[in-house]
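Student: I'd like to learn how to read strands, helices and single residues in a structure. Can we go through one together?
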Number of protein chains: 2
Amino acid sequence: MAASAGQKNHVVGIDLGGTKILSAVVDREGNVLSRAKKKTKAQRTSDEILLRLEECSREAIEASGVPASEIAAVGIGSPGPLDPITGCILETPNLNLSNAPIAPYLIEKLAMPVFLDNDVNVGTFGEFTYGAAKGKQHVIGIFLGTGVGGGVILNGEPFHGASLNAGELGHTKIVAYGDKCGCGDRGCLEAYASKTAMIKRIKKRISKGKKSILTDLTNGDWTKLTSSVFVKAIEANDKITVNEIHRASKYTGVAVGSLMNILSPEMVVIGGGLVEALEAQIMPDIRYHAERNCFPIMSEKCEIVPAMLGDDAGILGAAAIAWKRLESA
Amino acid sequence: MAASAGQKNHVVGIDLGGTKILSAVVDREGNVLSRAKKKTKAQRTSDEILLRLEECSREAIEASGVPASEIAAVGIGSPGPLDPITGCILETPNLNLSNAPIAPYLIEKLAMPVFLDNDVNVGTFGEFTYGAAKGKQHVIGIFLGTGVGGGVILNGEPFHGASLNAGELGHTKIVAYGDKCGCGDRGCLEAYASKTAMIKRIKKRISKGKKSILTDLTNGDWTKLTSSVFVKAIEANDKITVNEIHRASKYTGVAVGSLMNILSPEMVVIGGGLVEALEAQIMPDIRYHAERNCFPIMSEKCEIVPAMLGDDAGILGAAAIAWKRLESA
């Protein structure tokens, strides 16, 4: 694949999620010219999902006014595990895309280079290129959401390791053989700090007779427990919610401190909807527990900051990965 | 500093420890031509320790028959934290060498390039260059001893991070706010798998009335609890010892699995006197618990092996670091 950007000044960045596909045409400085959005319909056939990806790319390109022939490449962030070299998804729990040749398919359809990487690597690389971690060399990203994702940038490059899937920071063990995690193992950060884990504990406490405003706010439908519902509960000083947010932040801080002892990053970027909504509650706790769990020499050299790009981390990170890989191709 | 190896085919590798200084003249293939050894006398003045380092280097050079002018460089592995760029030790609990300009001193005295790095980074780099991890790109080393040390090699290079002191793998948190560690924090691997931690637990159990052959084998003097004493107790199927070795191996395995999820190394090398003496007891436990604590995609790409270089890891690793840094200088 001839992958020179040449004089072309735009790429497509795609954020492929379990619910929606977001795409955007982005220039070298990270400015978004146009956007498109489609439902993923994740349980349809893999052919249908690939077609929706293609259509979502074309829509963004058309809306941008930039001729397709002037687009340098497509970058895609997707849940993994995946192979960033062949551009194939290997497997992913929430998408019907096992062994799906995403990049080869789009290369054929769109006639341009297509690069695939793990969604959280991509989010971290977005923060590194256009957001909170601009200009840093060694950056760790931790994204708290339904699960807990992570990304690792070392020496200015996303680090992939031997399996090409390094950076599963949500599955850093923080309590040996502790709480059961969605991955099947025990004691992972995700089993303490994900929304899934928090909801599980809250439900259990309520079922044991504890009172919480969350019962009213969600009408007992826990799928309605979004970040903004958490905010309302915190504003109402709901004890169960306050405790859970503290607990998730504490364990995240322990993991961050541990990762600082291991990798001594210059910056740890914490992202995800809950952090955006409750930055003032969450970040001080994370910083406090990180410092208590690493050597002063590590914390002196490291800032722990909230992510800056919000919902655009995916498309901007995917665009950044496209630029980066065009450069090194 | 002009640091070209040119036609020179030998370096000095120095292993600076709290008890002894080992030095050796080593060729490019890792063959040892000569050795020297001195007590560190770690509580003497820093000037005296520097002089002993110098003398130990000179003795190895003289014994090798290679003229000093034909030695390309000196590499030193030392406990840290230290600055591998300026070649100064910043601080080290067991040596009276705070803010000691080790490399600048020896450069002046020996008139050749001198390179300093963390002892466990050096041990890992020795295994990478001449031992178990030859030819690998991403390698983690964990050394179980009085403490627990670690080293990280990524893309074929020792990884130092922002503080230049990354790789404190003994202070990976495996039980959030768990057992107290010698570093002052809690829940570190070292608080579960170091000889210090094991002895502390064994003493406590014996003080509570449990019987152990270790009481006789050490005559109650726990400084005599060397690896060979552990071996005798294991051979006698001493229950307390068997349990402690299992427990230390289990927690080491959890940390290894966690590190595999984070960094996806090709190889994890486990070293230290206890592992050498009890490989058959320790390695299977470590492998079992590592696999239970990481994703299959990580373990499929990773071997967990015992170190190969034994007591020579320090001098050979220091020699390897010298060759490496001459190359990139």
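Student: How are the five strands of the open sheet ordered in chain B?

Tutor: This is a predicted model, so keep that in mind as we go. The general idea comes before the case: strands of a sheet pair through backbone hydrogen bonds, either parallel or antiparallel. Here, in chain B, five strands make an open sheet in the order 3-2-1-4-7, with mixed pairing.

Student: Which strands of chain B stand at the edges?

Tutor: Those are strand 3 (32-39) and strand 7 (114-118) of chain B. Each has a single partner strand, so one side of each has no neighbour in the sheet. From one strand to the next, the twist averages 15°.

Student: In what sense do strand 4 and strand 7 of chain B pair?

Tutor: Strand 4 (residues 71-78) of chain B runs parallel to strand 7 of chain B, and five bridges link the two. To see it residue by residue, find Ser78(B), which stands opposite Asn118(B) in strand 7 of chain B. Then look for helix 3 (residues 119-130) of chain B, which packs on this sheet. Helix 3 of chain B touches strand 2 (20-27), strand 4 and strand 7 of chain B, and its direction makes about 105° with that of strand 7 of chain B.

Student: Over in chain A, how many residues of strand 4 are buried?

Tutor: Eight of the eight residues of strand 4 (residues 71-78) of chain A are buried, so this strand is largely enclosed by the rest of the structure. Strand 1 (residues 10-16) of chain A runs parallel to strand 4 of chain A, joined by five bridges. One pair to look for is Asp15(A) with its bridge partner Gly77(A). Strand 4 of chain A also pairs with strand 7 (residues 114-118) of chain A, again in the parallel sense over five bridges. There, Ile76(A) has Leu116(A) as its bridge partner.

Student: Where can I find an antiparallel pair?

Tutor: Try the open sheet of chain A with strand order 10-9-8-11-12, where the pairing is mixed. Its edge strands are strand 10 (157-158) and strand 12 (303-306) of chain A, each pairing on one side only. Strand 9 (residues 148-154) of chain A meets strand 10 of chain A in the antiparallel sense, over two bridges. Leu154(A) stands opposite Glu157(A) in strand 10 of chain A.

Student: Okay, now helices. At what angle do helix 7 and helix 8 of chain B pack?

Tutor: The general idea: two packed helices are described by the angle between their axes and the distance between the axes. For helix 7 (residues 227-235) and helix 8 (residues 239-263) of chain B, the angle is about 115° and the axes are 8 Å apart. Phe230(B), Ala233(B) and Ile234(B) of helix 7 of chain B meet Thr241(B), Val242(B) and Ile245(B) of helix 8 of chain B. Sorted by type, the residues of that contact are five nonpolar, one polar and no charged.

Student: And single residues: is Ser163(B) buried or exposed?

Tutor: Ser163(B) counts as buried because its relative accessible area is 6%, and the cut-off for buried is under 20%. Its place is the loop between strand 10 (157-158) and helix 4 (190-193) of chain B. The side chain of Ser163(B) makes a polar contact with the side chain of Ser264(A), at 2.7 Å. Ser163(B) also touches residues including Ile297(A), Met298(A) and Lys301(A).

Student: What about Pro93(A), buried or exposed?

Tutor: Pro93(A) is exposed, at 73% relative accessibility. Look for Pro93(A) in the loop between strand 6 (88-89) and helix 2 (102-110) of chain A.

Conventions:
Residues numbered from 1 in each chain as written. Chains lettered and ligands numbered in written order. Predicted model: local features only at pLDDT ≥ 70, side-chain atom pairs only at ≥ 80, totals over all residues. Heavy atoms only, no water. Helix = DSSP H or I, 4+ residues; strand = E, 2+ residues; numbered from the N terminus. Buried < 20%, exposed > 50% of the residue type's maximum accessible area, 1.4 Å probe, protein only. Polar contact = N/O pair within 3.5 Å; in protein donor to acceptor, adjacent residues only side chain to side chain. Contact = heavy atoms within 4.5 Å. Pairing = 2+ DSSP bridges. Axes fitted to C-alpha atoms, helices over the stretch in contact; angles between N-to-C directions. Nonpolar A, V, L, I, M, F, W, Y, C, P; charged D, E, K, R; others polar. Lists of a residue's contacts leave out its neighbours within four places in sequence.
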